[in-house]
Every structure is written in C-alpha cells, then in structure tokens.
Amino acid sequence: MSGRRHAPDWVTSQGHYAGSVSRFLAFIIDAAVSAGLFSLGLAAANLVWQVVTGHSVHWTRANIAVAIIFVLWEFFYFGYSWAASGRTFGMAVLGVRVVRADGAALDPWRGVVRALVFPLSFLLFCLGFLGILVQREHRALHDLIAGSCVVYAWDARAARLRFLARDAEVSPNASAPGSAPVTISADPSA
Amino acid sequence: MADERSPGGPDWHGFPRYPPPWMILSLLASPILGAVDPRDRLRNAGKRFTDPAEALAQRVAERVIDLVVEVLDVNALMRRLDLNAVLARVDVNEVLGRVDVKTLLDQVDVNDLMSRLDLDALMARVDVNDLVQRLDIDGLVEQTDLGAVIARSSGGVAAEALDSARSQAVGMDQFIDRWVQRALRRNHPGPAAPG
C-alpha cells in the first residue's frame, strides 16, 4: 500500500493567515471594481440628470460633493461586504476571507469597524499595512483595531482535483482506467 | 588331637562333609523356588474378585457420565463461562500456527459464507470517514475516468484561471514570508492559523 502523495503547499495552507501578495491583489481588484462601479453610477446619474432636466452636466470626482459620495461608497462597498460575508469581490477572487482574530466568523459590527478604520492604514505612507509583511499573524493596523485577520479560504482540494483531472486528460497514459491500482493508505495521518 | 579330615567334621572349605538333610533339601529346592512364586496362587484368587469389580465400576462411571450429560444444560454452562478470561489465556498465534489455512480455505464455501453475512450490520460498524481518509483520491482521479468527469463538470476557463491565480498568489505569499522571516532573523515563526 502506498501512502498518499504530498499535497502542494497551497492545499495545506487553507485556513492559514493570508500573505501580502494575495491581499494586495485582492485590494487592487476591489479598488478597480469599486471605482468602476462608482464611475458607472456617476455616468448613469449624469444621463438621468440630462434626460430629466435637459441640461448636460459633467460630474467628476474632482467635485467635492462627488468626492464625498465616492468616499461613502467605498465605505459601503467594503463595510457591507465584510459585514455580510467577510469577503469583498476581490477577496473572493483571490480566495481570502476576513475572520475574527480567533478564527471565528466575523461579526457584522467588526466588519463595519474594519471599514471605518481601514483608511488609518493609509496614513503615514501606508505604514499601517506594514503589519501584513512583518507581523507574525500578518495583521495590518485596521485588523488589530477591529480584532480581525485574513485567512486563505478557497476550495483548494477541489482545485487540486481539477489540476489532476486536467493532467490526466492531457496525459493519455495516466488517464487509462485501471492502468495502476488505486491504493488505500494504511496510515490515515499520511 | 582330632583329625580335621575326620568323618562329620568340616572339610577344608568350612563346608560339612556330611550335611544335614534339611540343607540337602533346601539345596535341591532352591532352583524350583526361584522359578515359581508361591504367592501367585494368592494373587490369582484376588484377581478373580477385582476384574469383575473393575468392569462394574467402569459401567457405573459411564452410566453416571451419560446421566450427567443428559441433565447438564450446556447452553447455561456456556452462558456462565467467562469466554474473555478463557480467550485471554489462549495463545492465538500458536493456535493459528497449527492451522493449515490453505486447506481450511479450500473447504470454505465463500458464497455460502457471504450469503450468511449481515452486510448492513457489518457496514454499520465501518468508519467510512476513516476509510475515505485512507483512500488515495489523487490516484483515483488520475487512474480512472473520474478525472475526466471532474474536469468536464467543473473545469471551465474561469475556474482554471482562478485556480491558477490563487495557487500562484499563495506561492508568492510564502516566498515573500520566508524572506521576511529570514531578514528579521526570526527563529520561531508565528502561528500559521488563528485559534
């Protein structure tokens, strides 16, 4: 009986603290999506205003009112996502999730607090984000304040099976049924 | 002075020249008495009584045993028997060592055995989760058509791209983390997961 082959690191790291690259990429996606949605909303508002009043306006984020609405929208985008499901769209894409510091599901109010204190991490040249790199639990300033942390939370086992299945399809020898016996490991901990 | 070789006196070996009659008789009878045990007669007389008594005792014992066995409730006796204690004293390996397993298996009708098995009861005792844990899923996916089924059912372009992006990101996370730990000269990394 052969033992189970070693799973890659990204399979075994599920539930572990997420690192800087995943979180940064998730934030980039979120920033792009939230800004894109806001721009779409702004364009729609311009169109509606033009249709209703007959006057053409051109609202941009340089406008102070629009800037305030943009900031509120960002709070809503991040705050609602974290409070509702513990993850934003970008986090869902990268397979990370915000949880409580003890690993339990994030309370909605913590999600809101996290969104409110999130800008603090940008202060002083983004020093608040340094914690993601150097802190032992990869927690940024807003994580420490809100009592939260970010972990990997995607179905890595299913992804691995998909990888294996694709490999089996590409490799004709491996895909032949019965070409090698399926084994059962004697040691469950293997 | 008397002559030492006079009639009636002892000869030069100390043996009387003219022995008395009882000595002559005993000398003549000693070979006969050596071959015949005078108590045999007595023994034969005893045997005439003991043999029938022995046979009678044997018959009585057999009858008694038959009666006891008829009266004995073997099932009740088995119930009172502490089989665990008995089995604890049995060296099973030694017993198995004496068994010719091949011959034993040749005599077993496996189909009949299987028909007698209560598979439901057997399966109820099986820890399926433990069994699945031991299963080589990777081998199953690679060596059977199951892999193709998974690939066709769940393997879209988007899923493939997501799997790839996520796994690459985790790899880079770990790479950067290793270098940061090294730069900070940390011998003991922090906890891997919350809780």
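## Chain B helices and a core shared with chain A

Along its sequence, chain B runs α-α-α-α-α-α-α-α-α-α-α-α. That comes to 12 helices and zero strands. Helices (H or I, at least four residues) and strands (E, at least two) are DSSP runs, numbered from the N terminus.

This is a predicted model: local features need pLDDT of at least 70, side-chain atom pairs count only at pLDDT 80 or more, and totals for chains, interfaces and linings use all residues. Residues are numbered from 1 along each chain as its sequence is written, with chains lettered from A and ligands numbered from 1 in the order in which they are written.

**Core.** Of the 195 residues of chain B, 6% are buried. Buried requires 20 or more other C-beta atoms within 10 Å of a residue's own, exposed 12 or fewer, and partly exposed lies in between; C-beta atoms are placed from the backbone. The largest nonpolar core holds 32 residues; A:A26, A:L94 and A:V150 are among those with the most contacts inside it. Chain A elements supplying at least two core residues each include α2 (20–53), β1 (96–100) and β2 (148–152), and α12 (157–183) of chain B does so too. α9(A) gives the most, six residues. Such a core is a set of buried Ala, Val, Leu, Ile, Met, Phe, Trp, Tyr and Cys residues joined through C-beta atoms within 7 Å.

**Helix crossing.** The axes of α2(A) and α12(B) come within 6 Å and cross at roughly 130°. The pair is therefore oblique: angles under 35 degrees count as roughly parallel, over 145 as roughly antiparallel, 65 to 115 as roughly perpendicular and the rest as oblique. α2(A) contributes A:S20, A:V21, A:S22 and A:L25 to the contact; α12(B) contributes B:A169, B:V170, B:M172, B:D173 and B:I176. Contact means C-beta atoms, placed from the backbone, within 7 Å.

**Strands.** β1(A) and β2(A) pair in the antiparallel sense over five bridges. Pairing takes at least two DSSP bridges between two strands. A:V98 has A:V150 of β2(A) as its bridge partner. Both faces of β2(A) are covered: A:S148, A:V150 and A:Y152 are buried on one side, A:C149 and A:V151 on the other.

**Positive phi.** Two non-glycine residues are listed below.

| Residue | Phi | Location | C-beta atoms within 10 Å |
|---|---|---|---|
| A:H138 | about 55° | loop between α7 (130–134) and α8 (141–146) of chain A | 24 other, buried |
| B:R185 | about 55° | segment after α12 of chain B | 6 other, exposed |

Note on methods. Axes are lines fitted to C-alpha atoms, for helices over the stretch in contact, and angles run from 0 to 180 degrees between N-to-C directions. Two residues are in contact if their C-beta atoms, placed from the backbone, lie within 7 Å.
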